[in-house]
Amino acid sequence: MEKFERLFSYGTLQQEDVQLATFGRKLEGMADKLNGYKLGLQEIDDPAVVATSGKTHHPIISRSRNEEDAVTGSVLLVTPEELRQADSYKVAAYRRHGVTLASGTVAWAYVDARDLG
């Protein structure tokens, strides 16, 4: 039986076209939210990523000083190989980080790399 990782997506990895290009399949997601984070925009200068998403600016999350702030998104089940493919899709401004979602689910999320030093 294949092991799956949980990936919290709040942006372009929820798009069907990005999922097909990155993973070769459409992923099912379950709605959840991440408390204590706020949503911003990151300019993307990697032409391949822009071509895949169709967007020059992608959402990015950073830690907030207010625990009432929250980012909504979806929990995607991905294989370890697909998680590495997601890592390749993300530009250097993002860093994969373990988080606990509002539901209590532990998942990976791509956060602003500056938050992690």
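These legends walk through a predicted model of one protein chain, beginning with the whole fold and then moving to close-up views.

**Figure 1. The whole chain, with its helices and strands.** Welcome to the overview. The protein chain holds 3 helices and 7 strands, and from start to end these elements follow the order β-α-β-β-α-β-β-α-β-β. With a radius of gyration of 13 Å, close to the 13 Å that the globule rule gives for 117 residues, the protein chain is as compact as a globular protein of that length. Its C-alpha trace spans about 40 × 35 × 25 Å along the principal axes. Sequence-distant partners are well represented here: among contacts between residues at least 6 apart in sequence, 72% join residues at least 24 apart.

**Figure 2. The surface and the charges of the chain.** About 6600 Å² of the protein chain is exposed, and carbon and sulfur atoms supply 49% of that area. Of the 117 residues, 43% count as buried. If you count charges, you will find 14 positive and 17 negative side chains, and the centres of the two sets lie 4 Å apart.

**Figure 3. The largest nonpolar core, with Tyr10 as a guide.** This core has 29 residues, and those with the most contacts inside it are Phe8, Tyr10, Leu13, Ile61, Tyr94 and Tyr110. Strands β1 (5-9), β4, β5 (70-78), β6 (94-100) and β7 (106-112) each supply at least two residues of this core, as do helices α1 (16-23) and α3 (80-89). Tyr10 is a handy place to start looking. Not counting residues up to four places away in sequence, Tyr10 touches Leu39, Pro59, Ile60, Ile61, Val71, Thr72, Gly73, Tyr94 and Tyr110. Ile61, Tyr94 and Tyr110 in that list are also among the core residues with the most contacts.

**Figure 4. Leu83 on helix α3.** Leu83 lies in helix α3. Its relative accessible area is 5%, so Leu83 is buried. Beyond the residues up to four places away in sequence, Leu83 touches Glu5, Leu7, Val78, Arg96, Trp108 and Tyr110. To get your bearings, find Ser9 as well: Leu83 and Ser9 are 74 residues apart along the chain, and their C-alpha atoms are separated by 12 Å.

**Figure 5. Phe23 on helix α1.** Here the view moves to Phe23, which lies in helix α1. Phe23 counts as buried because its relative accessible area is 9%, below the 20% cut-off. Leaving aside neighbours within four places in sequence, the contacts of Phe23 are Leu13, Glu82, Gln85 and Ala86. Arg84 makes a useful landmark: C-alpha to C-alpha, Phe23 and Arg84 are 9.9 Å apart in space, although 61 residues apart in sequence.

**Figure 6. Ser62 on strand β4.** Ser62 has its place in strand β4 (residues 57-63). Is this serine buried or exposed? Ser62 is buried, since its relative accessible area is 16% and the cut-off for buried is under 20%. Once neighbours within four places in sequence are set aside, Ser62 is in contact with Gly36, Tyr37, Lys38, Asp112 and Asp115.

**Figure 7. Arg95 on strand β6.** Strand β6 is home to Arg95. With 40% relative accessibility, Arg95 counts as partly exposed. Apart from residues up to four places away in sequence, Arg95 touches Ala109, Tyr110, Val111, Ala113 and Leu116. For a wider sense of scale, look for Val49: it is 46 residues from Arg95 in sequence and 16 Å away in space, C-alpha to C-alpha.

**Figure 8. Ala113 in the segment after β7.** The last stop is Ala113, found in the segment after β7. At 11% relative accessibility, Ala113 counts as buried. Which residues is Ala113 in contact with, leaving aside its neighbours within four places in sequence? The partners are Ala92, Ala93, Tyr94 and Arg95. The contact between Ala113 and Arg95 can therefore be followed from either residue, given that contact means heavy atoms within 4.5 Å. Val18 gives a reference point for this view: Ala113 and Val18 are 95 residues apart in sequence and 22 Å apart in space, C-alpha to C-alpha.

Technical notes:
Residues numbered from 1 in each chain as written. Predicted model: local features only at pLDDT ≥ 70, side-chain atom pairs only at ≥ 80, totals over all residues. Heavy atoms only, no water. Helix = DSSP H or I, 4+ residues; strand = E, 2+ residues; numbered from the N terminus. Buried < 20%, exposed > 50% of the residue type's maximum accessible area, 1.4 Å probe, protein only. Rg over C-alpha atoms; globule rule 2.2 N^0.38 Å. Areas by Shrake-Rupley, 256 points an atom, 1.4 Å probe, with all protein chains shown as cover. Lys, Arg positive; Asp, Glu negative; His and termini not counted. Charge placed at Lys NZ, Arg CZ, Asp CG, Glu CD. Core = buried A, V, L, I, M, F, W, Y, C linked by side-chain atoms within 4.5 Å.
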